Amino acid sequence: MNNSLTDGIASLASSSIYNADTANSSTTVSMDDFLKIMSATMSNPSMDDSGSSGGGSSTDYMTSLAQYESLNTLMEMNKSLSASVAVQQQQEALGMLGKQVSLLDNGQQVSGKVEQVKFANGLATLVVNGQEYQMSSLSEVGEDK
């Protein structure tokens with residue numbers, strides 16, 4: 001298996017992290033890219049005068065791999081948590097349909113009945129008196145009178 005540093009860098013450069021043409025470009029390095037870079041680093045001599053053949057000890061590489069996996073796991077948990085929060089917010093917004101609410105709009109108190117709930121990018125907005133408001137502007141919820 002020929003693992004050169006240039007192959008690892010070329011692989012990384014062609015990955016989505018540097019692909020600016022993609023509309024939803026990712027800022028992550030895949031496990032495959034990470035392992036290619038690690039393998040290339042281990043198989044090429046160090047540029048410093050330490051005399052070691054690799055860029056670090058095997059313990060350093062295992063630590064890096066463990067840190068990469070921990071970061072990857074945390075990022076996946078963040079995605080799951082964000083999706084869960086969005087679903088909860090949507091359910092809460094739907095429960096406010098027909099209810100009397102008070103909202104803050106640029107420091108002004110606005111009151112009215114929730115006429116409609118809209119969704120954009122997974123986030124809910126409330127339509128009160130024909131105006132659309134974010135859930136974060138909600139200050140009070142009451143029963144329909």
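The legends below describe close-up views of a predicted model.

**View 1. The largest nonpolar core of the predicted model.** Twelve is not a count left to the eye here: the largest nonpolar core has 12 residues, namely A93, M96, V101, L103, V110, V114, V117, A124, L126, V128, Y133 and M135. Three strands, β1 (residues 100-105), β2 (108-120) and β3 (123-128), each contribute at least two residues to this core.

**View 2. The surroundings of V110, a residue of the largest nonpolar core.** When neighbours within four places in sequence are set aside, the contacts of V110 are with V101, S102, L103, D105, N129 and Y133. Of these partners, V101, L103 and Y133 are also listed in the largest nonpolar core, and N129, another partner of V110, lies in the loop between β3 and β4 (131-134).

**View 3. A nonpolar patch on the surface.** The residues L94, L97 and F119 make up this nonpolar surface patch, and together they have about 270 Å² of accessible area. F119 is placed in strand β2, the strand that also supplies at least two residues of the largest nonpolar core. F119 counts as partly exposed because its relative accessibility is 42%, a value that falls between the 20% limit for buried residues and the 50% limit for exposed ones.

**View 4. Two asparagines with positive phi.** N106, a residue other than glycine, has a positive phi near 55°, and its place is in the loop between β1 and β2. Because its relative accessibility is 77%, N106 counts as exposed. N129, likewise not a glycine, has a positive phi of about 55° and is found in the loop between β3 and β4. With a relative accessibility of 47%, N129 therefore counts as partly exposed, and N129 is also in contact with V110.

**View 5. Confidence along the chain.** The chain has a mean pLDDT of 75, with 68% of its residues reaching 70 or more. Confidence is highest in β1, at a mean of 92, and lowest in helix α1 (residues 5-14), at a mean of 46. Over residues 1-6 the pLDDT is below 50, and this stretch has 10 contacts in the model beyond near neighbours in sequence. Residues 8-25 also stay under 50 in pLDDT, and the model has 18 contacts for them beyond four places in sequence. Where pLDDT is low, the predicted coordinates should not be read in detail.

Notes:
Residues are numbered from 1 along each chain as its sequence is written. This is a predicted model: local features need pLDDT of at least 70, side-chain atom pairs count only at pLDDT 80 or more; totals for chains, interfaces and linings use all residues. Side-chain values use heavy atoms; hydrogens and water are left out. A nonpolar core is a set of buried Ala, Val, Leu, Ile, Met, Phe, Trp, Tyr and Cys residues joined through side-chain atoms within 4.5 Å. Buried means under 20% relative accessible area, exposed over 50%, partly exposed in between (1.4 Å probe, protein chains only). Helices (H or I, at least four residues) and strands (E, at least two) are DSSP runs, numbered from the N terminus. Contact means heavy atoms within 4.5 Å. Patches are made of residues with over 30% relative accessible area and no salt bridge: like charges are joined within 9 Å, nonpolar side chains (Val, Leu, Ile, Met, Phe, Trp, Tyr) within 5 Å. Accessible areas come from the Shrake-Rupley method with a 1.4 Å probe; for residues, only the protein chains shown count as cover. A salt bridge is a side-chain nitrogen of Lys or Arg within 4 Å of a carboxyl oxygen of Asp or Glu. pLDDT is the predictor's confidence in each residue, from 0 to 100.
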